[in-house]
Amino acid sequence: MADAKKIAPFFEGWDDKVVLSYLQGHMGQSMADDEENPRAAQIWLGDFCYFAGRPDAALVQKAAANIIVPRDEAWASLIETVWGGNVRKSTRYAIKKEPDAFDREKLTAFTKNLPAGCVLRLFDGALYDAAMAEAWSKDFCAQFEDKADFCRRGIGVGALQGGTLVAGASCYCIYNGGIEIEIGTRPDFRRRGLAAACGARLILECLHRGLYPNWDAVDLRSVAVAEKLGYHRDKPYTVYIKEAAPARG
């Protein structure tokens, strides 16, 4: 683990909530090119690792997560050189941070637009267990140490049909004053408004608790849900998806 204070300058001004979560001491891990006198570092949490500082090929080879996020074009070029055809270039979409953008009445209306028999419920220990038991929902809680840690620091909303978790919105990570939203629906329950309903309920709960619900979109479908809930698109950015071992090593 790198010294967070020593590597923090490399990530200064990078408004990514996973990066902030680590630098603020909440979640995540790090690695530097040199522990005593680092010139480059990666921060990782869950599926994501972020590279900053002076581009370093040996560090890039050690990418600790499947989604590699470069600080700039120099890092992006090095990732492509080191990993070659074993990474796939992809685009994600940053969403603007606008604390006053939300219409509470509109969000409340989304929470009531549910299929017959479906109910929303705040996450508790039982919903934690249900989420962790299925691949599609595991990321709702997976970055926390355990159930007790999630119940102490986490927040989430589940949609239940017949008592079974079929959709949800939760915190992928936490940072000072906010959360990074993780949202998903079981494949056979998609296109029924459940993502919007869960997202709306989670946003309302965050506002009630004085937290900012940050959203980062994996694709344009996610952007569309975010915009429906009151967010506005900021800009696209490049990530690389690991598909095999690095090309050279």
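## Exercises around Leu229

Leu229 touches Phe102, Leu107, Phe110, Ala196, Gly199, Ala200, Ile203 and Trp215, leaving aside residues up to four places away in sequence; a contact means heavy atoms within 4.5 Å. This is a predicted model, where local features need pLDDT of at least 70, side-chain atom pairs count only at pLDDT 80 or more, and totals for chains, interfaces and linings use all residues. Residues are numbered from 1 along each chain as its sequence is written, and side-chain values use heavy atoms, with hydrogens and water left out.

**Exercise 1. Place Leu229 in the chain and decide whether Leu229 is buried or exposed.**

*Step 1.* Start with the elements on either side: Leu229 sits in the loop between α9 and β12 (233–242). Helices (H or I, at least four residues) and strands (E, at least two) are DSSP runs, numbered from the N terminus.

*Step 2.* Now check the accessibility. Leu229 has 2% relative accessibility, so Leu229 counts as buried. Buried means under 20% relative accessible area, exposed over 50%, and partly exposed in between (1.4 Å probe, protein chains only).

*Step 3.* Finally, take one partner, Gly199. Leu229 and Gly199 are 30 residues apart in sequence and 7.7 Å apart in space, C-alpha to C-alpha.

**Exercise 2. Work out which residues of helix α5 are buried and what covers them.**

*Step 1.* In α5 (residues 104–112), the buried residues are Leu107, Phe110 and Thr111.

*Step 2.* These residues lie on the same side of α5, because they cover an arc of only 100° around the axis. The arc is that of the directions from the helix axis to the C-beta atoms.

*Step 3.* Turn to the other side of α5, where Glu105 and Lys112 are exposed.

*Step 4.* The cover over the buried residues of α5 includes β6, α8 (194–209) and α9 (220–228). Two of the buried residues, Leu107 and Phe110, are also among those that Leu229 touches.

**Exercise 3. Repeat the analysis for helix α6 (residues 125–132).**

*Step 1.* Gly125, Leu127, Tyr128 and Ala131 are buried in α6.

*Step 2.* Their arc around the axis is only 160°, which puts them on the same side of α6.

*Step 3.* Look for the cover: β6 (118–122), α7 (147–153), β7 (156–161) and β8 (164–175) are included in it.

**Exercise 4. Set these helices in the whole chain: how many helices and strands are there?**

*Step 1.* The chain holds nine helices and 12 strands.

*Step 2.* Of its 249 residues, 47% are buried.

*Step 3.* Among contacts between residues at least 6 apart in sequence, 62% join residues at least 24 apart.
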